[in-house]
Amino acid sequence: MVKRIAILGSTGSIGKNALRVIESLGEGYEVAALSAHSRVELLAEQVRRYKPRFAAITNADFTEEFRGLVGDLDVEVLAGPEGLAEIAQLEEVDIVLTAVVGAAGLPAVLSAAKAGKTLAIANKEPFVIAGELLTQIVKKSGSVILPVDSEHSAIFQAMQAGKHDEVSKIILTSSGGPFRKMSPEEIENVTLEQALSHPVWDMGPKITIDSATMMNKALEVIEAHWLFDMPVDKIEVLVHPESIVHSLVEFVDGSMIAQLGKPDMCLPIQYALTYPARVAGIAEHLQLDELGKLTFEKPNMETFRALSLGYEVARTGGTAAVVFNAANEAAVGEFLAGRIKFVRIVELIEHCLNKHKVKRQVSLEELLEADGWARREVEQRAREHKSVRA
Ligand code: NAD
Ligand code: MG
């Protein structure tokens with residue numbers, strides 16, 4: 001049986017790696033649909049090479065330009081955010097690899113889950129903000145969720161060594177990002193360029209900034225909570241600068257099962273696509289003797305306030321996570337545009353969390369409302385702050 005794959009966000013870092021993986025897998029794997037937000041030329045190149053039957057341009061302003069570029073090809077073009085949700089539930093698709101960035105992926109993730117697709121999830125934000133809703137939908141539709149995030153892929157693999165109620169804790173590893181060794185005072189004046197230079201991973205700009213604030217790890221704690229149905233207090237974070245041990249599961253007898261590999265997203269992407277099989281692939285193999293030593297340390301919760309906020313948010317539940325995520329997306333946008341300092345990102349998130357009145361058992365509309373509120377709040381605060389400084 002051929003596995004027909006839709007890649008949502010095929011022009012990004014995960015998307016491009018996924019296409020390399022599919023190409024290397026050869027027979028048995030087919031690209032059925034692709035999407036991009038605005039990089040029309042790259043998407044057109046991908047369509048020419050991988051010949052999907054469907055392609056979506058989520059930013060409708062670029063649709064005509066894109067149509068012009070693929071006019072000679074046999075591809076159906078869909079436009080706008082609805083186009084993304086549409087390709088996620090196509091009959092011609094078996095696996096939906098979600099590689100768009102941010103909460104924008106939520107409608108498509110929900111649509112794929114409702115349609116009972118196998119979801120290979122890289123786009124963690126929808127799971128963070130709508131974990132409860134998604135879990136309910138998945139239970140009903142029989143959709144299968146396979147993690148692509150390297151830590152969650154590692155946990156998913158390690159979990160297979162025992163039963164769910166035999167797990168005593170999950171340990172998520174983190175590279176610690178570029179500012180691992182800095183004090184809160186030193187972080188005050190870091191630049192955009194420094195924040196964008198990740199010591200290990202080559203990723204899209206948003207997740208790279210999230211790694212520098214350790215917001216990425218905070219989001220991953222919440223992601224793990226939902227994905228593995230684990231109480232937050234059983235999820236620990238350890239900084240592991242070498243990024244070789246991608247995460248671990250400790251069982252009640254004291255055994256720890258870890259997954260190791262080079263820091264290369266091709267491996268978790270491939271495992272999600274070939275699961276439950278393992279096949280030889282393009283990821284370079286580890287040479288343990290060349291590694292020297294592997295180190296682990298506790299994260300500095302004072303410097304990386306985002307991480308302690310993440311734990312609080314995960315315990316609070318309800319709309320707290322949606323505000324946490326949306327405030328971060330907006331603040332990272334402000335930082336990337338050069339309008340705020342690095343440290344303001346987490347300050348703005350904390351401000352929104354303090355101001356927000358958490359609602360529980362919420363509908364999708366209420367989630368989106370809280371999301372919109374947090375974004376507006378951050379944009380307004382960022383502007384006010386700027387005028388005070390000017
Ligand atoms: P990226 O910025 O490189 O790519 C993002 C993709 O999303 C692009 O294809 C872009 O066209 C699309 N996109 C952007 N805005 C959009 C919108 N509003 N609507 C629809 N599509 C939009 O990002 P990335 O690094 O590939 O990360 C993608 C996701 O995977 C993120 O959620 C990230 O947290 C997660 N992830 C990434 C890595 C990694 O190594 N890059 C590792 C683990 C998890
Ligand atoms: Mg990760």
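This report describes the domains, the ligand site and several buried residues of a predicted model.

**Domains and the ligand site**

The domain assignment divides the protein into domain 1 (3-147), domain 2 (149-262 + 284-300) and domain 3 (317-390). The centres of domain 1 and domain 2, taken over C-alpha atoms, are separated by 26 Å, and 13 residues of domain 1 are in contact with 17 residues of domain 2. Ligand 1 lies between domain 1 and domain 2, because both of them give residues to the shell around it.

That shell holds 23 residues, of which Thr11, Ser13, His37, Glu125 and Gly204 come nearest to ligand 1. By class, the shell around ligand 1 is made up of 11 nonpolar, nine polar and three charged residues. Three helices, α1 (13-25), α6 (124-141) and α10 (205-213), each contribute at least two residues to the shell. Backbone atoms of the protein also approach oxygen atoms of ligand 1, as the table sets out.

| Backbone partner (N or O atom) | Partner in ligand 1 | Distance |
|---|---|---|
| Val101 | oxygen atom | 3.4 Å |
| Ala122 | oxygen atom | 3.4 Å |
| Gly204 | oxygen atom | 2.8 Å |

Taken on its own, ligand 1 has 830 Å² of accessible area, and the protein covers 87% of that area.

**Asp210 in helix α10**

Helix α10, one of the helices that supply the shell around ligand 1, also contains Asp210. With a relative accessible area of 2%, Asp210 falls under the 20% limit and is therefore buried. The side chain of Asp210 is joined to the side chain of Asn328 by a polar contact of 3.0 Å. When residues up to four places away in sequence are not counted, Asp210 touches Met215, Asn216, Leu219, Asn328 and Val332, so that Asn328 appears both in this list of contacts and as the partner in the polar contact.

**Ser175 in a loop**

Ser175 is found in the loop between β8 (167-174) and α8 (184-187), and at 9% relative accessibility Ser175 counts as buried. The side chain of Ser175 reaches the backbone nitrogen of Gly177 at 3.1 Å, and it also makes a polar contact of 3.2 Å with the side chain of His198. Apart from residues up to four places away in sequence, Ser175 touches Arg180, His198, Val200, Val239, His240, Pro241 and Ser243.

**Helix α4 and Lys117**

In helix α4, which spans residues 80-87, the residues Gly80, Gly83, Leu84, Ala85 and Ile87 are buried. These buried residues pack against the strands β1 (3-8), β2 (29-36), β3 (54-57) and β4 (76-79), and against helix α5 (106-114).

Lys117 lies in the loop between α5 and β6 (118-121). Is this lysine, Lys117, buried or exposed? Lys117 has a relative accessible area of 9%, which is under the 20% limit, and Lys117 is therefore buried. The contacts of Lys117, leaving aside neighbours within four places in sequence, are with Ala88, Gln89, Leu90, Glu91, Val93, Asp94, Val96, Ala112, Ser143 and Val144. In addition, the C-alpha atoms of Lys117 and Ile95 are separated by 6.0 Å, although the two residues are 22 residues apart along the chain.

Note on methods: Residues are numbered from 1 along each chain as its sequence is written. Chains are lettered from A and ligands numbered from 1 in the order in which they are written. This is a predicted model: local features need pLDDT of at least 70, side-chain atom pairs count only at pLDDT 80 or more; totals for chains, interfaces and linings use all residues. Side-chain values use heavy atoms; hydrogens and water are left out. A residue is near a molecule or strand if one of its heavy atoms lies within 4 Å of it. A polar contact is a pair of N or O atoms within 3.5 Å; within protein, one must be able to donate a hydrogen and the other to accept it, and residues adjacent in sequence count only if both atoms are side-chain atoms. Accessible areas come from the Shrake-Rupley method with a 1.4 Å probe; for residues, only the protein chains shown count as cover. Helices (H or I, at least four residues) and strands (E, at least two) are DSSP runs, numbered from the N terminus. Ala, Val, Leu, Ile, Met, Phe, Trp, Tyr, Cys and Pro count as nonpolar, Asp, Glu, Lys and Arg as charged, and the others, Gly among them, as polar. Domain bounds come from an automatic or database domain assignment. Buried means under 20% relative accessible area, exposed over 50%, partly exposed in between (1.4 Å probe, protein chains only). Contact means heavy atoms within 4.5 Å.
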